[in-house]
Amino acid sequence: MPDFFVHLAQGADSGGFWVAVLFGLGVGGLLLHQGLSAFWRLRLIHDTPTARVRSAAQGYVELSGEARPLRALVPAHLTGIPCCWYRWRIEQQRGSGRSRKWVTIEQGEAEHAFLLEDGTGRCVVEPKGASIRCRLTERWSSRVKGGGRSAAFSLAEFIGLGGRYRMVEERVAEADPVYVLGHLETPRRGAREREALIRQLLLRWKRDPARRAQLDRNGDGRIDIADWEQAQAFAAWLANQAERRVALQPVLPRIGATKEARQPFLISTAGEAALVGHSRWQALGGTLGGALLGIVAFAAIAARLGAE
């Protein structure tokens, strides 16, 4: 053990020493957990064969194809560029000098799904809960929150004189290659879905003053039992009509998050190779960094206790 390290551990203030050791052990444990999780993710990617949408089994699968909009392309939140899905955040620069840092003040993502098409069929991708890597990622700074990108701002950012706000937007464009690892299932509609639709209709009507007035047949300002039974019957009729229309349309399989913690939900438009490379660096960096911090912390404890 190097002498300077021993002297440092032995000469440090007692309170500060143990705070530093506990902090190092905590960070090391977190890095080690992230590294091992990345190793497990790598194993799943390598061990799960790529399936075709038409013949994919229900359950945890790997799919690869091209992105398509579910209905129509939607404008991205910051740039307005039409795409299949987007995610964005706005950061603000706070502090001064060496204490300057970027703090996220707003963020969000598209709440709708998009399609994956692989030549054999189509599948609905529900991104909620996924770890997503996008090939199309734009970053720019501005003096105005949410301000657009310009050549002047890009030059200012390059020479270190950028604005107080930094915008980041990630997009899934139409025809982008898409890799997905997640839980696949084909929805089956029945009595439960019909009852859920009836409840949604009744709840929406109860919250709408104009609809409540229509349900009040005698105009006394109250919804009595007869009025409510009529509303339930009408909601049931509407639900039946909706279910008949849905039954005439082909049901697309859906891929989304799993309920198993050891089965991550991954989406990448940068390709499987890029995802593997990123996970490999995470695995190596996290594992080695966590192990190194742990060794240093325990060595410091040994040196400290050896002097007492």
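Here are some questions and answers about this predicted model.

Me: How many helices and strands does the chain have?
Reply: The chain runs to 308 residues, and 35% of them are buried. Its secondary structure comes to seven helices and 14 strands.

Me: In the open sheet of four strands, which strands are the edge strands?
Reply: Let's walk across the sheet: the order is β6-β5-β11-β10, and the pairing is antiparallel. An edge strand pairs on one side only, and that fits β6 (101–109) and β10 (136–142). From one strand to the next, the twist averages 20 degrees. So going by the rule of pairing on one side only, the edge strands are β6 and β10.

Me: Which residue is the bridge partner of S141 in β11?
Reply: Strand β11 covers residues 165–172 and pairs with β10 in the antiparallel sense, over seven bridges. In β11, the partner of S141 is R166.

Me: How far apart are the end C-alpha atoms of helix α4?
Reply: Helix α4 takes in residues 191–207, which is 17 residues. At 1.5 Å a residue, they should span 24 Å. The model agrees with that, as the end C-alpha atoms are 25 Å apart.

Me: Why are the buried residues I198, L201, L202 and W205 on the same side of α4?
Reply: An α-helix has 3.6 residues a turn, so residues three or four places apart point the same way. In α4, I198, L201, L202 and W205 are buried. On the other side of α4 you'll find R192, R199, R204 and R207, which are exposed. The buried four are on the same side because they cover an arc around the axis of only 95 degrees.

Key
Residues numbered from 1 in each chain as written. Predicted model: local features only at pLDDT ≥ 70, side-chain atom pairs only at ≥ 80, totals over all residues. Heavy atoms only, no water. Pairing = 2+ DSSP bridges. Helix = DSSP H or I, 4+ residues; strand = E, 2+ residues; numbered from the N terminus. Axes fitted to C-alpha atoms, helices over the stretch in contact; angles between N-to-C directions. Expected span 1.5 Å × (residues − 1). Buried < 20%, exposed > 50% of the residue type's maximum accessible area, 1.4 Å probe, protein only. Arc of directions from axis to C-beta.
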